Amino acid sequence: MKVISVEDVRSLVLEKLQPWLDAKGLGAEEIPDNFDLLTEGLIDSMGILQLISEVEARFGITVDFEELDPENLTVIGPFCRHIAEKSLTVNR
Amino acid sequence: MGTASKLSVANAPSRGIHEGFLRSSVRYAHRPAVEVRGTMLTYDELRNRAMSLAASLERATPPGGTPLTAVFARRSTTAYSGVLAALLAGHGYVPLNRTFPLERTWAMLQRSGCRSLIVDAESELRLEAILDLSEEPLLIILPERTDTSYLRSRWSRHTILGASDLEPAGNFEEKPVSPDSIAYLLFTSGSTGIPKGVMVAHQNVAHFVSFMTDRYGICEYDRFSQTFDMTFDLSAFDMFVAWERGACVCCPSEKTLINPAKFIQDAKLTVWFSVPTVGVFMKRLGALKAGQFPTLRWSLFCGEPLPAEIAESWSRAAPNSVVENLYGPTELTIACCLYRWQAGKSEEQCLRGVVPIGDPFPGMDVLVVDEELREVPPGKDGELLMAGPQVALGYWQDPEKTATAFVLPPGKNQTYYRTGDRVRRPNKTGPMCYLGRVDHQIKIQGHRVELGEVESLLRQEAGVDAAVAIGWPVTVSGAGGIEAFVMGNKLEPQTILERLKRKLPAYAVPRRIHLLSELPLNPNGKIDRGKLAKLLGDLPQF
């Protein structure tokens, strides 16, 4: 099984968010680890749910809402790390 | 003949839609009226706040405005006290949303002619631009701000009131409300790029609330979800149906809304109301487990087609609740048709996997017509027209658009609203089923979007003659987003997107703009939207 790195997740997430980043005039490299997709007004709660389900489909994993602090769920760094960790459990 | 309602209504509607709240505030003074992101206000507290704001509106609203007050607040206690204050002061409320682009908010404010705004702390960031733009003197009420000295000194033409400047609640003088005056003015997407304001009257909402509270047997122990922003008219169900009977409106933060299952459980909700898309995501993310939501009594969906599999999964996740599919455009006041999901029976009544929209509310009349507005035979497809006490007053300061949409069909003696929705006229046995939009209006996550509006802005911002917006990917409830095609390459797609983002709410901004040297045409010489949609299927998905 291919190991999914945090960087893999991050680049997929940023790729999906490209149009919204473009509209805000933000480059992918300018997005810090603590960037909150929701409070920065990049996408809304439905957008987050859609993003999660697309990431799940791509990596064949399931995001467990119980495991992830809701405050962190919409922050790009913790979110990507959670997905990468989940993929390890799935592929092990 | 149209189809009269099979549903019945017990009580005569009251007049002002805030009167139910006032009655409950006496009877259930110490029960919770709202819980907003962890802050609870009792009926007593909310009434006092609203009366204090209303008295301030009465004293300080500059003359010359319309009988409307803007509520520039979102998911805050001020949003609720603001709505009630506007109504108590005899005004209709105009909800504004800080997540909308400033230009859109400004266009709504300007069109509505409001001279008074009630603003919460989080929306203040957007306020300065409005204070700059408005040449007319405005009354700005900031109930969450103590120090207003900076704002006052910088914008002396406006009246700015902070928390300590508010009138005491006791100074409020009740204003009589005429049943046909505006309760709220709600802006929806318009095909010309200018938002249309739908004028909904007190009597429209009163009729709706009276039927809903009786049907659902609402009582003071009920706890309602508030998944909708106030700029979405379905939010009015949560507020006014709950307050009519002393129930509590539970308004989560946007972060809490990401995990709706936890919200339902933590808030011990008894009444759930959302767009079906929320259910779709919950199912996809494994959050609709059997028996998970025992507290729910009612599970209501509205705003877009409800997939049968979601109704089915939800009814198993909330085994003590009844699932109902509601239908209704803003112009017919929140919802005007409904269908009850019954496992074992409903599956075969679904059309293309979508739950029927069912029967009209009491007093509402259904007419399914062809292009000449002649009624089609039972079992045939046509555009849905509806008449009755929930037909809104029309479009704000737009008699032309009002006349086009609110019509007198041949042989009829009352006004019908043309929904633009295609339905199958029920025959003797089956319920009414929804088929899709007549025009190019689509639903994206429950939000109504006129593709014509997006296209007109595309043409304008890209400086081209031809542009096409397509809902893509197609979902059972509408579309996941918008993809745009522009002829020519005068501008970079990125530049066009940046400009659109300033004019459109996020859900209506295209995800991608494809530049084509020419747009494919069909044999009639019209742009072949089908071919473009097919092209999208061939493009790599991002």
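**Exercise 1. Place Lys268(B) and describe its backbone and exposure.**

Solution. Lys268(B) sits in the loop between helix H10 (260-266) and strand S12 (271-274) of chain B. The model is predicted. Next, take the backbone. Lys268(B) is not a glycine, yet its phi is positive, about 50°. Last, count neighbours. Partly exposed is the class between 12 or fewer C-beta atoms within 10 Å, which is exposed, and 20 or more, which is buried. Lys268(B) has 14 C-beta neighbours inside 10 Å, so it counts as partly exposed.

**Exercise 2. Do the same for Leu373(B).**

Solution. Begin with the location. Leu373(B) belongs to the loop between strand S17 (365-369) and strand S18 (381-387) of chain B. Then the torsion. Phi is positive at Leu373(B), about 65°, although the residue is not a glycine. Then the neighbour count. Inside 10 Å, Leu373(B) has 18 C-beta neighbours, and therefore counts as partly exposed.

**Exercise 3. Is Glu135(B) buried or exposed? Locate it, and give its separation from Asn413(B).**

Solution. Locate the residue. Glu135(B) lies in the loop between helix H5 (127-133) and strand S6 (139-142) of chain B. Count its surroundings. There are 7 other C-beta atoms within 10 Å, so Glu135(B) is exposed. Now the separation. Along the chain, Glu135(B) and Asn413(B) are 278 residues apart. In space, their C-alpha atoms are separated by 45 Å.

**Exercise 4. Which two residues of chain B does a cis peptide bond join? Where does the proline lie?**

Solution. Read omega. It is about -10° for the bond between Trp472(B) and Pro473(B), a cis peptide bond. Then place the proline. Pro473(B) falls in the loop between strand S25 (467-471) and strand S26 (474-475) of chain B.

**Exercise 5. Describe the contact between chain A and chain B, starting from residue counts.**

Solution. Count each side. Chain A gives 25 residues and chain B gives 24 residues. Sort the chain A side by element. Helix H1 (6-16), helix H2 (18-24), helix H3 (45-59) and helix H4 (70-73) of chain A each give two or more residues. H3(A) gives the most, with seven residues. Sort the chain A side by class. It holds 12 nonpolar, eight polar and five charged residues.

**Exercise 6. How does H3(A) pack against helix H11 (residues 276-284) of chain B?**

Solution. Start with the axes. Those of H3(A) and H11(B) come within 10 Å and cross at roughly 30°. Apply the cut-off. Angles under 35 degrees count as roughly parallel, so H3(A) is roughly parallel to H11(B). Add the handedness. H3(A) passes H11(B) in a left-handed crossing. Name the residues. From H3(A) come Met46(A), Leu49(A), Gln50(A) and Ser53(A). From H11(B) come Thr277(B), Phe281(B) and Arg284(B). Classify them. The contact of H3(A) with H11(B) has three nonpolar, three polar and one charged residues.

**Exercise 7. Where are the assigned domains of chain B, and how many residues of each are in contact?**

Solution. Set the bounds. The domain assignment gives domain 1 (45-176) and domain 2 (444-538) of chain B. Find the spacing. The C-alpha centres of domain 1 and domain 2 of chain B lie 36 Å apart. Count contacts. Four residues of domain 1 of chain B are in contact with five residues of domain 2 of chain B. Classify the domain 1 side. It has two nonpolar, no polar and two charged residues.

Note on methods: Residues are numbered from 1 along each chain as its sequence is written. Chains are lettered from A and ligands numbered from 1 in the order in which they are written. This is a predicted model: local features need pLDDT of at least 70, side-chain atom pairs count only at pLDDT 80 or more; totals for chains, interfaces and linings use all residues. Two residues are in contact if their C-beta atoms, placed from the backbone, lie within 7 Å. Helices (H or I, at least four residues) and strands (E, at least two) are DSSP runs, numbered from the N terminus. Ala, Val, Leu, Ile, Met, Phe, Trp, Tyr, Cys and Pro count as nonpolar, Asp, Glu, Lys and Arg as charged, and the others, Gly among them, as polar. Axes are lines fitted to C-alpha atoms, for helices over the stretch in contact, and angles run from 0 to 180 degrees between N-to-C directions. Angles under 35 degrees count as roughly parallel, over 145 as roughly antiparallel, 65 to 115 as roughly perpendicular and the rest as oblique. A crossing is left-handed if the near helix is turned anticlockwise from the far one by less than a right angle, and right-handed if clockwise. Domain bounds come from an automatic or database domain assignment.
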